[in-house]
Amino acid sequence: MTIELTRDVTGPATDTLSLTAAPTTDAALLAWVRGTAELTQPDEVVWCDGSPAEFERLTDLMVATGTLIRLDPVLRPNSFLARSAPTDVARVESRTFIASHRREDAGPTNNWREPGALREELHGVFAGSMRGRTMYVVPFSMGPVGGPISQLGVQVTDSPYAVVSMGVMTRMGAQALAAIEAGAPWVPAVHSVGFPLVDAIGRVRPDVPWPCNDLKYIAHFPESREIWSFGSGYGGNALLGKKCFALRIASAMGRQEGWLAEHMLLLKVTSPEQRVFHLAAAFPSACGKTNLAMLRPTIPGWQVETIGDDIAWMRPDPEGRLRAINPEAGFFGVAPGTGWATNPTAMEMLSENVIFTNVALTDDGDVWWEGMTEQAPQHLIDWQGRDWTPDSGRPAAHPNARFTVAASQCPSIADDIDDPAGVPVDAILFGGRRRSNVPLVTQAADWSAGVFLGASISSEQTAAAEGTVGELRHDPFAMLPFAGYDMADYFGHWLSMQDRLEELPLVFGVNWFRRGDDGRFLWPGFGENSRVLEWICRRVEGTAGAHETPLGLVPTADGLTLDGLDVPAADLEELFRVDPAAWSAELDRLETYFARFGDKLPAQIGRDVERVRAGLREQRWTA
Ligand code: SAT
Ligand code: MN
């Protein structure tokens, strides 16, 4: 946790920097903060306590500098709009690096770097990168402070936007610092927007509302458990507790220590008989995890509560059950598509205390985005600050526009979010955005078939990362951009959980996005997905029927409650139709994909491909 300076960094600010105001005497932490400040040369170091007063001070500051616009205090109390630079709107997978001593430990799906060389490069770009700015020190806990599944981190950043967002998304401040001082391990995370206000020879330049740099590094060192992020202020690149720590670093920690860090929402479902089920579900970014996490059931007597919408950490407990926490304390959700019709719970949650990024501004000082209401307002200021009308021919909000809000504001939040022991996981769901082939729901026959289901996720690309929207890409376990080590080893780690657990969750595949030949969605989705959740819970309970198909178990004719649902019988049939030729092609694609993992691919995955192939050949359908 120390910084070795690989070059002689000289600058004006360091010797005037005082760490005497530090609220800690923790020698390791102080040394790391001092070393980072010597490298990045901020004017000032500020230790964050996570208090409401600090939030107010920083948001006032950002309103004054133009980073934030304060929304109308009556329409949207204590809420703000940030407009990012047009080039800094999503994660940058091409600049996301995993540094491990052996290339094969990063695997073929990550951008690998040799740690020494990457460190050298990073020290080059971070040298002086905070000149003229304040460096904030942000201690945080992922999960309830001190919990058996929780972890600690400290982010330093020159972005007050990152500080207030980390305050919403994590348990940030004094309590986390106290846990660090008590000797718990912590992950150091360095973040700079890479826009110093003073150059090496002392020339000053003015600040801009959203400082960033065309050169970006989202760098991870899973072996030494460090994060270095440069050049971006966008959520997934800048809030280092989130994807960088809670997925990339934590997945590697989990492999070493026998647990799982997953890109999964967490739900608590209560049946009409008051039996409680906990479900975890993995979907690629922007495939409706937040909507599913906040679903309002349309079937009577069922209740769904939210525990998490993006990340789950799951660990075997002493009884051999898999227990999960949501390591986050807030939601960083996609705004477009969130509306009163699709996610009324989220709309209520967003009524106050929200930081919006890249949505549109209404004339009365409120926000709007595509899908919020059926009709767009007649005039808006779009996400880039330009006048907008419905005939402008471009979206008013960026497709990856986001809201940042405390989980405690969610009307459907379950108390369990603050239970450090986590909840027992009954079922795991894997899904993607697939217009064809993948049935509405299937149950894996056993754990290894479930791992195969997770490993075979493909999804149509969304706007959450750079790339061509709509293109089909393999996204195993929805972790393609987030696994901090070799994906084949990751499959193996999942298979090995079988030996660490006394009771295994059931595994299901789901697809809400199947379309007919005319392009129309066949399944209404949203609240109606409760019908699928009901079947899943009844399978856990052992009371719902199923029949076998080559892809797994599917509901019997009376398995899904369809009362009050207006889905034609032909559409229902199509939702479960398995086209052998299309599946044969799908398996060919999968095999080609899996081949890139070479010898490291667990043999079981190959056996599962063969199992499905054989089932398709035999047309093994039993009623
Ligand atoms: O990576 S983000 O946290 O910005 C959102 C996502 O892609 O899931
Ligand atoms: Mn996500």
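## Annotated sites, domains and selected residues

In the UniProt record, an unreviewed entry, the annotation "binding site" covers Lys-243, His-263 and Asp-310. These residues are spread over 68 residues of sequence but cluster in space, with a largest C-alpha distance of 9.5 Å. The model described here is predicted.

Lys-243 is part of helix 8 (residues 241-257). Leaving aside neighbours within four places in sequence, Lys-243 is in contact with Gly-236, Arg-248 and Phe-482. Asp-310 is placed in the loop between strand 15 (303-308) and strand 16 (312-316). With the same kind of neighbours left aside, within four places in sequence, the contacts of Asp-310 are His-263, Leu-265, Lys-289 and Glu-328. His-263, one of these contacts, is itself covered by the "binding site" annotation.

The same UniProt entry type, unreviewed, supplies an "active site" annotation that covers Cys-287. Cys-287 is found in the loop between strand 14 (276-282) and helix 9 (289-293). Beyond its neighbours within four places in sequence, Cys-287 is in contact with Gly-431, Gly-432, Arg-433, Ser-459 and Thr-462.

The table lists burial for the residues discussed in this report.

| Residue | Other C-beta atoms within 10 Å | Class |
|---|---|---|
| Lys-243 | 26 C-beta atoms within 10 Å | buried |
| Asp-310 | 26 C-beta atoms within 10 Å | buried |
| Cys-287 | 25 C-beta atoms within 10 Å | buried |
| Asn-358 | 26 C-beta atoms within 10 Å | buried |
| Asn-78 | 15 C-beta atoms within 10 Å | partly exposed |
| Glu-503 | 12 C-beta atoms within 10 Å | exposed |

The protein chain is divided into domain 1 (14-66 + 91-257), domain 2 (260-330 + 414-618) and domain 3 (332-409). The centres of domain 1 and domain 3, taken over C-alpha atoms, are separated by 29 Å. Between these two domains, six residues of domain 1 are in contact with six residues of domain 3. On the side of domain 1 that touches domain 3, helix 5 (residues 160-169) gives the most, with four residues. That side of domain 1 has three nonpolar, two polar and one charged residues.

Helix 13 (residues 530-541) has 12 residues, which at 1.5 Å a residue should span 16 Å, and its end C-alpha atoms are 16 Å apart, in agreement. Of the 12 residues of helix 13, 10 are buried, so the helix is largely enclosed by the rest of the structure. The buried residues of helix 13 include Trp-535, Ile-536 and Cys-537, and among them are also Arg-531, Glu-534 and Arg-539. Gly-542 follows helix 13 and has a positive phi, near 85 degrees.

Two asparagines also have positive phi values. For Asn-78, phi is near 50 degrees, a positive value in a residue other than glycine. Asn-78 is found in the loop between strand 2 (68-70) and strand 3 (80-82). For Asn-358, which is not a glycine, phi is positive at about 65 degrees. Asn-358 is found in the loop between strand 19 (355-357) and strand 20 (360-362). Asn-78 is partly exposed, whereas Asn-358 is buried.

Glu-503 is found in the loop between helix 12 (487-500) and strand 30 (506-510). Glu-503 counts as exposed because it has 12 other C-beta atoms within 10 Å, and the cut-off for exposed is 12 or fewer. Not counting residues up to four places away in sequence, Glu-503 touches Gly-320 and Arg-321. The C-alpha atoms of Glu-503 and Val-425 are separated by 9.7 Å, with the two residues 78 residues apart along the chain.

How values were computed: Residues numbered from 1 in each chain as written. Chains lettered and ligands numbered in written order. Predicted model: local features only at pLDDT ≥ 70, side-chain atom pairs only at ≥ 80, totals over all residues. Buried ≥ 20, exposed ≤ 12 C-beta atoms within 10 Å, placed from the backbone. Contact = placed C-beta atoms within 7 Å. Domains from an automatic or database assignment. Nonpolar A, V, L, I, M, F, W, Y, C, P; charged D, E, K, R; others polar. Expected span 1.5 Å × (residues − 1). UniProt positions renumbered as here; feature names shortened; annotations may be inferred.
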